[in-house]
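Me: Please take a close look at one part for me: the buried side chains. Start with the surface, then work inwards.

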Amino acid sequence: MSEPCPAGGVSESAVAAILRCVNFSAIKHRKQRRKDPQQTPYINHPIGVAYLLVEAGVKDVDVLQAALLHDTVEDTDTSPQELLDAFGPRVAGLVAEVTDDKSLPSKERKRLQIVHAADASHEAKLVKLADKLYNLRDLERCTPVGWTDTRVKEYFKWAAQVVAGCRGTNAYLEGELDKLFMKWNKEL
C-alpha cells in the first residue's frame, strides 16, 4: 500500500499502480463483451467493481488492483504466475481467492462460492461483495441476452447466499446489496 500525499491525495506511485493495472486488465479483456443487449465492453465490469470499492471507502491499492484483475485468470489467458510477476503476491493471492475453477461444472463453482465465502480474507470479501453488487445492479438494469426471468431470480438467490458468507465486511456494500435483495425478495 502506498503512502498518501501530504495534501491528502494519493501518491503518484499508487496512481501509477492503478493505471498499470487498468491497462493490463483492458488488454486482457479487450475482445470480451458483457452479455447485456448493448454488448457493453467487458472492461467496464472490473473498473466498476473497483469504483464500488472506492465508493465504499476502500483505499487499499492492492484490493483495488485485485478488483480490476478479479476476472483475468478466470476469463482470459492470464495465468496466476503472470499476475504474481506483474503485481506481486498479495494482489495475485487476492485474485486467486475470488477466482472460480473453470474446470468444474457451473453448479459446483456456484456451490463452492457459497461454501468458501465465509473463509475468505477480509480483502477478498470486499472484492466479492463489490462484484456481486455490480452484477446485481446490471441484472436490475437489463436482462442478459438468453436469460429468463427464472434465471435472473435464481442468480439473486444464489448471490444472497454468497453475500451471507461475507457479512460484517463493509456496511456500505452490504447496505446497497440489501436494498437490491429487499426489492427482489418481493418477486422471489
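Reply: The accessible surface of the chain comes to about 10000 Å². Carbon and sulfur atoms hold 55% of that surface. Such areas come from the Shrake-Rupley method with a 1.4 Å probe, and for residues only the protein chains shown count as cover.

Two notes on reading the values. This is a predicted model, so local features need pLDDT of at least 70 and side-chain atom pairs count only at pLDDT 80 or more, while totals for chains, interfaces and linings use all residues. Residues are numbered from 1 along each chain as its sequence is written, and side-chain values use heavy atoms, with hydrogens and water left out.

Now the overall build. The chain has nine helices and zero strands. Along the sequence the pattern reads α-α-α-α-α-α-α-α-α. These elements are DSSP runs, numbered from the N terminus: helices are H or I with at least four residues, and strands are E with at least two. The C-alpha trace spans about 50 × 35 × 35 Å along its principal axes. Why call the chain's radius of gyration a match for a compact globule? A compact globule of 188 residues would have a radius near 16 Å, and the chain has 16 Å, so the two agree. That radius is taken over C-alpha atoms, and the globule rule is 2.2 Å times the number of residues to the power 0.38.

Next, what is covered. Buried residues make up 46% of the 188 residues. Buried means under 20% relative accessible area; exposed is over 50%, and partly exposed lies in between (1.4 Å probe, protein chains only). Contacts, meaning heavy atoms within 4.5 Å, tell a related story. Of the contacts with a separation of 6 or more, 69% join residues 24 or more positions apart.

The aromatic rings come next. Rings of Phe, Tyr and Trp (its six-membered ring) pair if their centres lie within 6.5 Å. Planes under 30 degrees apart count as stacked, over 60 as edge-to-face, and the rest as tilted. By this rule there are four aromatic pairs. In one of them, Phe24 and Phe87 have ring centres 5.1 Å apart and planes at 90 degrees, so the pair is edge-to-face. This pair links distant parts of the chain. Phe24 is in helix α1 (residues 12–28) and Phe87 is in helix α5 (residues 80–98), 63 residues apart. Phe24 counts as buried because its relative accessibility is 15%. Phe87 counts as buried at 10%.

A second pair is Trp147 and Tyr155. Their ring centres are 6.0 Å apart and their planes are at 50 degrees, so this pair is tilted. Both Trp147 and Tyr155 are buried. Ring pairs also bring in Trp158, which forms a cluster with Trp147 and Tyr155.

Other buried side chains add to the picture. Take Ser25, in helix α1. Ser25 has a relative accessible area of 0%, so it is buried. Beyond its neighbours within four places in sequence, Ser25 is in contact with Ile43, Pro46, Leu68, Leu69 and Thr72.

Gln65 lies in helix α3 (residues 61–69). Gln65 is buried too, with a relative accessible area of 4%. Not counting residues up to four places away, Gln65 touches Ala17, Ile18, Arg20, Cys21, Phe87 and Val91. One of these partners, Phe87, is also in the edge-to-face pair.

Leu94 sits in helix α5. Its relative accessibility is 5%, so Leu94 counts as buried. Its C-alpha atom is 6.0 Å from that of Ala66, although the two are 28 residues apart along the chain. Ala66 is also among the contacts of Leu94 outside its neighbours within four places, including Asp62, Val63 and Ser121.

Asn135 belongs to helix α7 (residues 122–141). Asn135 counts as buried at 12% relative accessibility. What does Asn135 touch, not counting residues up to four places away in sequence? The partners are Arg34, His45 and Tyr155. Tyr155 is in the ring cluster as well. The C-alpha atoms of Asn135 and Gly48 are 9.8 Å apart, with their positions 87 residues apart along the chain.

Last, a backbone detail. Gln39 lies in the loop between α1 and α2 (44–55). Its phi is near 50 degrees, a positive value in a residue other than glycine.
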